[in-house]
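Please open the model in a viewer with residue selection and a cartoon representation enabled. The tour proceeds selection by selection.

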Amino acid sequence: MPLDLGAKGSCQIGGNLATNAGGIKFIKQGSMHANCVGLEVVLADGTIVNQMNPHETLPIGYDMKQLFVGSEGTLGFITKCAIFCPPYPKNRQVCLLASNDYDQILKCLQISKKELMTSLSAVEFMDWESASIAMDYLEIENPLSDEYKFYILIEMSGNSQEELMQEQMLDLLEKLEDHYEDGVMCDSETQKD
């Protein structure tokens, strides 16, 4: 599945399609709309609408399957689907940045999108309360030297060599240095997870 959802332990694909779920990899993979390539739906009168052939595309008319994605079940029940599943990237780099200035965190996002382009795979924004709850739940210490109002987690991924990706992340952190007050780059898979 290309999506990385907070509810991945309990959600189901039909519900993800019905709500057009996105998750933290949205910036790279898009939502269910972008990843649904085939769908079968049962309408209220029992009619079955089958658009399961992902290779059959018509250059005219409505893409009927996309009407059902995000419709919350109001148009019909999804009974089958075909989802695009890209291969998992070989390497990734993750950093956590913090600032007391929300505008600076937004600037970090803008610069990251520009600099990393296709290798940017996830961005997650958190305020201190959210970050604190997550650290308590995961039973980990604050990886930064102090508490800040706002945090942004940036993940890049791809099939480049790990050393090259580390250099890219370090270059990004250098370009962002005026826009965050504290930050850390993960140096192990455990920290990245």
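Select residues 36–42, strand β1, together with β2: four bridges join the two, and they run antiparallel. Strands here are DSSP E runs of at least two residues and helices are H or I runs of at least four, numbered from the N terminus; two strands pair if DSSP finds at least two bridges between them. The model is predicted, with local features requiring pLDDT of at least 70 and side-chain atom pairs pLDDT 80 or more, whereas totals for chains, interfaces and linings use all residues. Residues are numbered from 1 along each chain as its sequence is written, and side-chain values use heavy atoms, without hydrogens and water.

Next, pick E40; its bridge partner in β2 is N50.

Widen the selection to the whole open sheet, where three strands follow the order β2-β1-β3 with antiparallel pairing. Which strands stand at the edges? They are β2 (48–51) and β3 (77–83); each has a single partner strand, so one side of each lacks a neighbour in the sheet. From one strand to the next, the twist averages 15 degrees.

Return to strand β1 and select V37. This residue is partly exposed at 29% relative accessible area (buried is under 20%, exposed over 50%, partly exposed in between; 1.4 Å probe, protein chains only). Add M52: the C-alpha atoms of V37 and M52 are separated by 7.5 Å, at 15 residues apart along the chain.

Finally, go to D178, in the loop between α7 (162–176) and β7 (182–185). D178 is exposed, with a relative accessible area of 66%. A distance drawn between the C-alpha atoms of D178 and K65 spans 46 Å, and the two residues are 113 apart along the chain.

Definitions and conventions. Axes are lines fitted to C-alpha atoms, for helices over the stretch in contact, and angles run from 0 to 180 degrees between N-to-C directions.
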